[in-house]
Amino acid sequence: MSENLITKFLDGYSIEVTPKAASKIENFAGVLPKGTRVYVAHIEGTPIDEMVATAKKIYDDGFVAMPHFPARIIQNSNTLDEWIKRYKNEANVEEALVIAGGTIGAPKSRPCFPRQATVVDPPPC
């Protein structure tokens, strides 16, 4: 396969990191092309403080942070509101990737958003 074909195929790619992996990168500008969208995987159990700090680091390094909003672990509308406000106000996030997400074990209570579509048009919680 020619190098040119691979380069064209990967042009404009995005990448995903976890807060743990991101903490090992001193500056994203040293490892990613300018303008790369960086998805921030929200692994269940990761505190929102770590998620927001990771998104802020990505933004501060000159990239677009795209955090995951795993619907199944968002317990209620207040949590969703808090996450949106924190990402926006602390990390300059303007978009997020809404995913169904998973659960490590059976949830203690039924989450408010059992599917990603309900985050967009949420039921009363």
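**Exercise 1. Describe how strand 3 pairs with strand 4, and how the chain passes from one to the other.**

Strand 3 and strand 4 (residues 97-99) pair in the parallel sense over three bridges, where pairing requires that DSSP finds at least two bridges between two strands. Helices (H or I, at least four residues) and strands (E, at least two) are DSSP runs, numbered from the N terminus. Between these two strands the chain travels through helix 4 (residues 77-91), in a β-α-β crossover that is right-handed; that is, with the strands pointing away from the viewer, the path from the first strand over the helix to the second runs clockwise. At the residue level, Pro70 stands opposite Ile99 in strand 4.

The model is predicted, so local features need pLDDT of at least 70 and side-chain atom pairs count only at pLDDT 80 or more, whereas totals for chains, interfaces and linings use all residues. Residues are numbered from 1 along each chain as its sequence is written, and side-chain values use heavy atoms, with hydrogens and water left out.

**Exercise 2. Find what joins strand 2 to strand 3, and decide whether strand 3 is mostly covered or hardly covered.**

Strand 2 (residues 37-40) runs parallel to strand 3 and is joined to it by four bridges; in one of the pairs, Arg37 has Val64 of strand 3 as its bridge partner. Together with helix 3, these two strands make a right-handed β-α-β unit. Strand 3 (residues 64-70) is mostly covered, since six of its seven residues are buried, meaning under 20% relative accessible area, while exposed means over 50% and partly exposed lies in between (1.4 Å probe, protein chains only). By contrast, helix 1 (residues 3-10) is hardly covered, with zero buried residues among its eight.

**Exercise 3. Locate Asn92 and state the sign of its phi.**

Asn92 sits in the loop between helix 4 and strand 4, and its phi is positive, near 60°, although the residue is not a glycine. Most residues other than glycine have a negative phi. Asn92 counts as partly exposed because its relative accessibility is 40%. A positive phi, near 80°, also belongs to Gly12, which follows helix 1.

**Exercise 4. Establish where confidence is lowest and where it is highest.**

The mean pLDDT (the predictor's confidence in each residue, from 0 to 100) is 84 for the chain, and 80% of the residues reach 70 or more. Confidence is lowest in helix 5 (residues 116-120), at a mean of 51, and highest in helix 3 (residues 48-60), at 97. Where pLDDT is low, the predicted coordinates should not be read in detail.
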